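These are my notes from going through one model. I began with the sheet and then turned to single residues.

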Amino acid sequence: MSFTDFGEIAKSKNQVISFEHISTGTIVTFPAFLTDFSDNYTVSWGSESVFGRADAIKPYQSTTRQITLAFDVLSASETQAKENLAKYSTLIKMLYPVYSAPLAGDASSFGRTIKAPPLIRVKFVNMIQAANGSGALLGCIGGFNFKPVADSGYFYRENGDLFPKNYSISITFDPQHENQ
């Protein structure tokens, strides 16, 4: 019995979601089996009521953007399921800042400072990209959800480890403007 390698099909069509951790340069990619996508813009305006004017003056304040992205990760074999779970683990680590070496100079010290925030670049074909269209979009992940699809089952190891055959990831991503 042979299985279709959906990951290879997605890669051959350039349907891959890429995440790059800015401070470490770590990159992780997933085949893009999108289950949800939205790109939302919110424009904020102030309001100043002035005597003798029927309408309030509306000074511009800001424009924000939030992308919601959900996709499935499929595994046709136990080896692929292990690789996919390792990619998930790497992506989770990218949600945390990079810390300095211990402040007291020895490994027993717990004092550290944040060396770099967990900024990430995300790229998905022409739907998520930098404003100039030539690279990944800079921002921060504001929300993250990992959900194994129980109906698809798991690969089981003798030691009790589980590797989901299919899991879903959903993300809220807040792009940051690099050029004003």
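**Entry 1, the sheet.** I looked up the strand order in this predicted model. I found an open sheet of seven strands, ordered E2-E1-E7-E8-E11-E4-E3, with antiparallel pairing. I then checked the edges: strand E2 (27-31) and strand E3 (33-45) stand there, and each has a single partner strand, so one side of each has no neighbour in the sheet. For the twist I noted that neighbouring strands are turned by 25° against each other on average, direction ignored.

**Entry 2, the pairings.** I went through three of the strand pairs.

- Strand E1 (residues 16-21) runs antiparallel to E7 and is joined to E7 by five bridges. I noted Ser18 opposite Lys123 in E7.
- Strand E7 (residues 120-124) pairs with strand E8 (residues 137-148) in the antiparallel sense, over three bridges. Here I found Ile120 opposite Gly139 in E8.
- How many bridges link E8 and strand E11 (residues 166-175)? I found nine, and this pairing is antiparallel too. Ile141 has Phe173 in E11 as its bridge partner.

As background to this entry, I wrote down that strands of a sheet pair through backbone hydrogen bonds, either parallel or antiparallel.

**Entry 3, the helix on the sheet.** I looked up which strands helix H2 (residues 78-93) lies across, and listed E1, E2, E4, E8 and E11. Against E2, helix H2 runs at about 130°.

**Entry 4, a nonpolar patch.** I looked for nonpolar surface and noted a patch of about 330 Å², made by Val43, Trp45 and Tyr60. I followed up Tyr60, which is found in strand E4 (residues 60-74). Is Tyr60 partly exposed or buried? Its relative accessible area is 48%, so I entered Tyr60 as partly exposed. That value lies between the 20% and 50% cut-offs.

**Entry 5, Ser100.** I placed Ser100 in the loop between strand E5 (98-99) and strand E6 (114-116). Is Ser100 buried or exposed? I entered Ser100 as buried because its relative accessibility is 14%, and the cut-off for buried is under 20%. I then asked which residues Ser100 touches, not counting residues up to four places away in sequence. My list reads Arg112, Thr113 and Lys115.

Definitions and conventions
Residues are numbered from 1 along each chain as its sequence is written. This is a predicted model: local features need pLDDT of at least 70, side-chain atom pairs count only at pLDDT 80 or more; totals for chains, interfaces and linings use all residues. Side-chain values use heavy atoms; hydrogens and water are left out. Helices (H or I, at least four residues) and strands (E, at least two) are DSSP runs, numbered from the N terminus. Buried means under 20% relative accessible area, exposed over 50%, partly exposed in between (1.4 Å probe, protein chains only). Contact means heavy atoms within 4.5 Å. Two strands pair if DSSP finds at least two bridges between them. Patches are made of residues with over 30% relative accessible area and no salt bridge: like charges are joined within 9 Å, nonpolar side chains (Val, Leu, Ile, Met, Phe, Trp, Tyr) within 5 Å. Accessible areas come from the Shrake-Rupley method with a 1.4 Å probe; for residues, only the protein chains shown count as cover. A salt bridge is a side-chain nitrogen of Lys or Arg within 4 Å of a carboxyl oxygen of Asp or Glu. Axes are lines fitted to C-alpha atoms, for helices over the stretch in contact, and angles run from 0 to 180 degrees between N-to-C directions.
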